[in-house]
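User: Hello! I am new to this structure and would like to learn how to read it. Could you take me through some features step by step?

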Amino acid sequence: MKKSALQKARAAYQPKLPIALKGAVKAVTGKPTQSVADQEEIKKLFPTTYGLPELQFENVPGTLRGKPLNVGVILSGGQAPGGHNVISGIFDGIKKINRDSRLFGFIMGPGGLVEHRYIELTASIIDEYRNTGGFDIIGSGRTKLETKEQFDAGLEILKELGITALVIIGGDDSNTNAAVLAEYYNGIGAGVQVIGCPKTIDGDLKNEMIETSFGFDTATKVYSEVIGNIERDCNSAKKYWHFIKLMGRSASHIALECALQTQPNVCIISEEVEAKNMTLAQIVDDLAKTVAARAEEGNNYGIVLIPEGLIEFIPAMKALIAELNDLLAKTEGFAKMEASEQRKYILEHLSADNAAVYDSLPHGVARQLTLDRDPHGNVQVSLIETEKLLSEMVGKRLEQMRAEGKYHGKYSAQHHFFGYEGRCADPSNFDADYCYALGYNAAQLINAGVTGYMSSVRNLVKPAVQWIAGGIPITMMMNMERRNGKMKPVIQKALVDLEGAPFQKFASQRADWALNTCYVYPGPIQYFGPAEVCDQPSLTLQCEHKGK
C-alpha cells in the first residue's frame, strides 16, 4: 500500500504516557459515586454496577505482571480522530500485562458483536494504524445494544473466543449501551467485564473526571484551519458573508472552540439562544443588525459560525421537534405517505401551538424535520441546511431595513458545512497521546477486574507525563431522558456552560469581533516542531483550567 511522507513519519511517533501508567501500577479506590440525577431510578436499573467508587492508578515499584487476557474491542458511532491509538494503547497495555494476551476487533461496530464478525488484531495489523486517523482498522457502526437477544448473541462469540473483557469506544449513547451491557453480564455472572472510552468530536461527553472526549481537539483544529482560510479569502475579496455550519448537534462546544481560535464576526451558541428564549426572528434580526453595522463602516463581508443543532435549541422549535419525535415514533406507515399527505397528517395531529410553528416554516425545512430519524429516534439535524435558512432570512430582513432607510450596503452570501472533513484527520499530538493513554489505561482497568467503568485520563493541560489515570463508573454520568417516546437511562450530555470560562472569554470579545475584522488564521495542525506549537490542548481546556 502506497503511503504519503506524512504517513511514514507519523508511524514512527511514540505517544507519551502518564508516569502513573509506566511500569507496575496499583488501583487506589476513591469515594463511592452516584448518578448526576434521577438517582433512585438509575440505581434500580443498575443494581450491581451503581454506586461504585472512583479509581486512580499509581505507579509502584516492580514489573507489571498478570495472567493472559483475551479482550474484544468495538468502535461505535461516528468516527473521531485517535480511535486507532486507543486500540493501539489497549493492545500494548494487555501485551505489557502478559505477552500471550490477545485482542479481537468486532467488525463494523456493535453489529459485529451480535453477528459474530471479528478479526484478531495482531502486532503487524496494529503497527499499520498507529497515529492514523479514521476507524478503518475494524470499521464502526451505530447498532444499539439494548435487547437481551443481542446481549446473549454477543456472549456466545465472547465465550467461543475466550474473551473476558470488552472495550466499547464511543460517545454518550454508545457508553450508555456499555453500561447496560456491563450490568447485564455482571447480573448473570457471565464473567465478561465491559469498559468504555470517551469518544466524540462534539465535546459533549465530559465532566470533572472526563475533561474532554477524544477527537474534539483534532476536529476543531481542522475546522479552525479551514475557517481561517475562508476568513483570509473573505478579507481579501471583501464581498461575501460566509455562513458556516459546524458539527455539534446537541452542544455548541465545536462552534465555541472554533470561535476562540479564529475570532469570526458572529458565532451563535445554541445554549445561549435557549437560555434567552430567543425566536428564529430574533436571531435573524441580530445577524442583520451586525451586517448593517459593518456595512456602515464599508465592510460588506463577514463570517458567521452556526452549530448544526441550533434549530433544536430555539424554544418554539424544540417543543415542535419533541412532539414530532413522539408522534412519528408511534405512527406506523408514515414513511410510505406522499409528502403532501405527511404534511397534512402532521398538521392535523400536532397541538395548536406546534402546528402553527410547523406551518410557518419554509416547506423544505418543515420537510427535513420529518425525514428518517437516527437510531435513537432523533431528528437528523445535520440534514437541515440551517446556514442557508439563516442567510436567506437575513437577506430578506436587510431588504426590509433598506426600505426603512436603516441599511445601505451590499449583501451576498456563501454557504459551508464542515463536518466529515474533521472526523478522520490524523490525530493531533494531543489526541495521539490522549487516545493512547485512554487505551493503555483501559487495559489497566481490565487488569484491575472492574466492569461498568469508563477510562479516565485527566489533568490534561499539563504535560502528558503528569496526566492522572484511572476510571469512573459509567452510571455516575447518567440521568433519565425521553427517547423514542419512552424514558430511558442515558449519559447526560455536557452542554456549553454559559457561566464557564470558555464562553465568558468569548462573550467578553464578541462585540469587538462583530464590528471589526479581528480574524485569526490558525493554519494546519503541526505534528513536528516546538511543543508550544504542536502539543497544545484546545483553548476550551486551557480556559477551563486557568486558575485551577
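Analyst: Gladly! Let us begin with one residue: Asp204 is buried, with a relative accessible area of 2%. Keep in mind that this is a predicted model.

User: Is Asp204 counted as buried or exposed, and why?

Analyst: The general idea is a cut-off: a residue is called buried when its relative accessible area is under 20%. Asp204, at 2%, is therefore buried.

User: Where does Asp204 lie along the chain?

Analyst: Asp204 sits in a loop, with strand E7 (193–198) on one side and helix H8 (216–237) on the other.

User: Which residues is Asp204 in contact with, leaving aside its neighbours within four places in sequence?

Analyst: For Asp204, the list is Asp172, Ser250, Ala251, His253, Gln492, Lys493 and Ala494. You can also look at a pair by comparing two kinds of spacing. Asp204 and Glu160 are 44 residues apart in sequence, and their C-alpha atoms are 36 Å apart in space.

User: His253 was in that list. Where is His253 found, and is it buried or exposed?

Analyst: His253 belongs to helix H9. With a relative accessibility of 5%, His253 counts as buried.

User: What does His253 touch, not counting residues up to four places away in sequence?

Analyst: His253 touches Asp202, Gly203, Asp204 and Lys206, as well as Phe216, Ala494, Leu495 and Val496. Now compare sequence and space again: His253 and Phe503 are 250 residues apart in sequence, while their C-alpha atoms are 9.4 Å apart.

User: How can I read contacts for the protein as a whole?

Analyst: Take the contacts between residues at least 6 apart in sequence, and ask what share joins residues at least 24 apart. In this protein that share is 78%.

User: And what about the overall build?

Analyst: The protein has 21 helices and 15 strands. Its radius of gyration is 24 Å, close to the 24 Å given by the globule rule for 548 residues, so the protein is as compact as a globular protein of that length. Along the principal axes, the C-alpha atoms fill a box of roughly 80 × 55 × 50 Å.

User: What percentage of the residues is buried, and how much area does the protein expose?

Analyst: Buried residues account for 57% of the 548 residues. The protein exposes about 22,400 Å², and carbon and sulfur atoms supply 50% of that area.

User: How do I read the charges?

Analyst: One way is to compare the mean positions of the two signs. Here there are 58 positive and 64 negative charges, and their mean positions are 4 Å apart.

User: How many residues does the largest nonpolar core have, and which of them have the most contacts inside it?

Analyst: The largest nonpolar core has 76 residues, and Ile87, Ile90, Ile169 and Leu246 have the most contacts inside it. Helix H18 (residues 429–447) gives the most to this core, with eleven residues. A second, separate core has 44 residues, including Trp241, Leu287, Val304 and Leu350.

User: Could you show me one core residue in detail?

Analyst: Let us take Ile169. Leaving aside neighbours within four places in sequence, its contacts include Val73, Ile74, Leu75, Val86, Ile87 and Ile90. Cys197, Lys199 and Phe214 are also in contact with Ile169.

User: You named Trp241 in the second core. Which residue of helix H11 touches Trp241?

Analyst: Thr290, which is placed in helix H11, touches Trp241, Val266 and Ala514, not counting residues up to four places away in sequence. Thr290 is buried too, with a relative accessible area of 16%.

User: What should I look for in the backbone?

Analyst: The sign of phi is a good thing to check. Gln263 has a positive phi of about 55° although it is not a glycine. Gln263 lies in the loop between helix H9 (253–262) and strand E9 (266–267), and it is buried at 17% relative accessible area. Asn277 also has a positive phi of about 55° without being a glycine, and its loop runs between helix H10 (270–275) and helix H11 (280–296).

User: Can we finish with a glycine?

Analyst: Of course! Gly409 is in the loop between helix H17 (386–403) and strand E11 (413–418). At 9% relative accessibility, Gly409 counts as buried. Its contacts, leaving aside neighbours within four places in sequence, are Ala295, Asn300 and Arg402.

Methods:
Residues numbered from 1 in each chain as written. Predicted model: local features only at pLDDT ≥ 70, side-chain atom pairs only at ≥ 80, totals over all residues. Heavy atoms only, no water. Helix = DSSP H or I, 4+ residues; strand = E, 2+ residues; numbered from the N terminus. Rg over C-alpha atoms; globule rule 2.2 N^0.38 Å. Buried < 20%, exposed > 50% of the residue type's maximum accessible area, 1.4 Å probe, protein only. Contact = heavy atoms within 4.5 Å. Areas by Shrake-Rupley, 256 points an atom, 1.4 Å probe, with all protein chains shown as cover. Lys, Arg positive; Asp, Glu negative; His and termini not counted. Charge placed at Lys NZ, Arg CZ, Asp CG, Glu CD. Core = buried A, V, L, I, M, F, W, Y, C linked by side-chain atoms within 4.5 Å.
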